Protein chains: 2
Amino acid sequence: MNKLPLQTMLNGTLVSDISIMDRGFQYGDGLFETLSISKGVVSLWDHHYSRLEKSCQRLSIAVPDKADLLNNINMLMEGIDTENNKYVVKLMVSRGVSGRGYAVTDSITPNVVLILSDYPGYPESYGQTGVKTRICDLKLSHQPLLAGMKHLNRLEQVLARNEWNSTDIVEGLVCDQNNNVIEGIMSNVFIVDNDKVLTPKLDQCGVEGVMRRHVLEYLDRKNIETEINNINQEQLFSASEVFLTNSIIGIWPVRKIDARVYSVGPITRLLQDRLVK
Amino acid sequence: MNKLPLQTMLNGTLVSDISIMDRGFQYGDGLFETLSISKGVVSLWDHHYSRLEKSCQRLSIAVPDKADLLNNINMLMEGIDTENNKYVVKLMVSRGVSGRGYAVTDSITPNVVLILSDYPGYPESYGQTGVKTRICDLKLSHQPLLAGMKHLNRLEQVLARNEWNSTDIVEGLVCDQNNNVIEGIMSNVFIVDNDKVLTPKLDQCGVEGVMRRHVLEYLDRKNIETEINNINQEQLFSASEVFLTNSIIGIWPVRKIDARVYSVGPITRLLQDRLVK
């Protein structure tokens, strides 16, 4: 189920381990990006780097150089058949190594980790006819200082994902403690209501996905009305279309949420057609 | 400031690194205990192990064997002058190594990490005349599924601790999003009000400290009235005594919270006299 990666790299060197004293391991003190590699090119690299940069700034972690990161990603893929296969690279930036204590010394150098994996073998039906989902019992906690970021404190996602183990259900939808719909465990969620496309506000919890941004920017360019706001479960249940996005899956229509059935709608199809290769 | 450890151990072997794919590094998917070693003996070991065991069960992580853990701790300290010096051992249990994805396969074996450090050189005045503290701006988020546990998702503590860098201020007190006082960043907090000892309820956030439990059990045995409840800032400010506990510091009186001054009271002194060696 959890296939091990092809290759791992730390600060430009192919190694499989990291210091026990790395603050990523000690405290989850860091960030990550999940990159889709197609024909050897990182999809939406500018968006990924821009989110990483902003998040590093919010956490006062030194921002890794953009060109250096890309050089390392290219090094990681040397000897790999990028012409015929897609890959996933997880890019992690931890604050670096320190001794005991939450306090940060000025002199810490971030650790940059790259993890190269095969592209996950999702069935084509997920994109074509949609996926079955469920609403998780776990409610995401509110923390405006961490909201929006793809940081390394992911226990909520681990717990939510392990609420079920049927392979039939592909993704879990998570709400916050006010029962507003926030996101999927590994994806963002959009709904369509009367030709308007809505996606949850993520100022209290949730991850501002790069694919979410890409979709919103496209809809804006096409003058399709969008709204970023609180979305409650009633709105979710009465939506005409529901779809999920992330950098790896692209766009998946939601076919079922628990017992509720949805059909794949025109906006989902338009977005798949224009944005997913 | 952040002194590096003397020795680190992974599953009984002295090494300094851990797999990049360890879920502690990937997701903060694990737990820790901070042990005080005095004359070569782990203080309050039963309490530590019991908390670790309960937390592992809550997160569905396999519980490490108690005797094995103690054997490894003793191995870690071989050749160290435990007769004359105190030490700190951080015991970490991660869910173990897996490939991509939040889902957990049944077959994961936990990784047990031990980190041996010198005892921190806190000035004696901290215990004698008390410490200066401040109220942090960060508000802890509510997550009942994680509350009470010493898990590896510690970004809130990292952010709170880095709100200030004056060495004058020794600890930060953190409230939740309802402005109830919850704990110190690295300690638990107690207040005394009319001869009753109160400490915050930790069912929504916070860590149930081993020293906190030790203090509560002692007070119960001595028929000193205790209460575990919500504590608002007014109660904190009007308390006759405020003190902090953790396994390493023992018990520190609070002398100042921001501009507010407290004196060291009789219950704090009694507890220090009976429980701190």
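**Exercise 1.** In this predicted model, determine in which sense strand 4 and strand 6 of chain A pair, and over how many bridges.

*Solution.* Step 1: Locate the two strands; strand 4 of chain A covers residues 30-38, and strand 6 of chain A covers residues 87-94. Step 2: Recall that strands of a sheet pair through backbone hydrogen bonds, either parallel or antiparallel. Step 3: Here the sense is antiparallel, and the pairing runs over eight bridges. Step 4: As an example of facing residues, Ser36(A) lies opposite Val88(A) of strand 6.

**Exercise 2.** Identify which helix packs on the sheet by touching strand 4, strand 5 and strand 6 of chain A, and state its direction relative to strand 4.

*Solution.* Step 1: The helix with these contacts is helix 2 of chain A, residues 45-59. Step 2: The direction of helix 2 makes about 175° with that of strand 4 of chain A.

**Exercise 3.** Give the order of the six strands in the open sheet of chain A, and explain why strand 2 and strand 5 are each left without a neighbour on one side.

*Solution.* Step 1: The order is 2-1-7-6-4-5, with antiparallel pairing. Step 2: Strand 2 (13-14) and strand 5 (41-42) of chain A stand at the edges and have a single partner strand each, so one side of each has no neighbour in the sheet.

**Exercise 4.** Determine what rotation superposes chain A on chain B, and which C-alpha of chain A is nearest the axis.

*Solution.* Step 1: The rotation is 180°, with 0.0 Å of shift along its axis and an RMSD of 0.0 Å. Step 2: This is the relation of a two-fold axis. Step 3: The C-alpha of Phe25(A) is the nearest in chain A, 2.0 Å from the axis. Step 4: Both copies use the same surface, since 100% of the contact residues of chain A recur in chain B.

Technical notes:
Residues are numbered from 1 along each chain as its sequence is written. Chains are lettered from A and ligands numbered from 1 in the order in which they are written. This is a predicted model: local features need pLDDT of at least 70, side-chain atom pairs count only at pLDDT 80 or more; totals for chains, interfaces and linings use all residues. Two strands pair if DSSP finds at least two bridges between them. Helices (H or I, at least four residues) and strands (E, at least two) are DSSP runs, numbered from the N terminus. Two residues are in contact if their C-beta atoms, placed from the backbone, lie within 7 Å. Axes are lines fitted to C-alpha atoms, for helices over the stretch in contact, and angles run from 0 to 180 degrees between N-to-C directions. Copies are superposed by least squares on the C-alpha atoms of residues with pLDDT of at least 70 in both.
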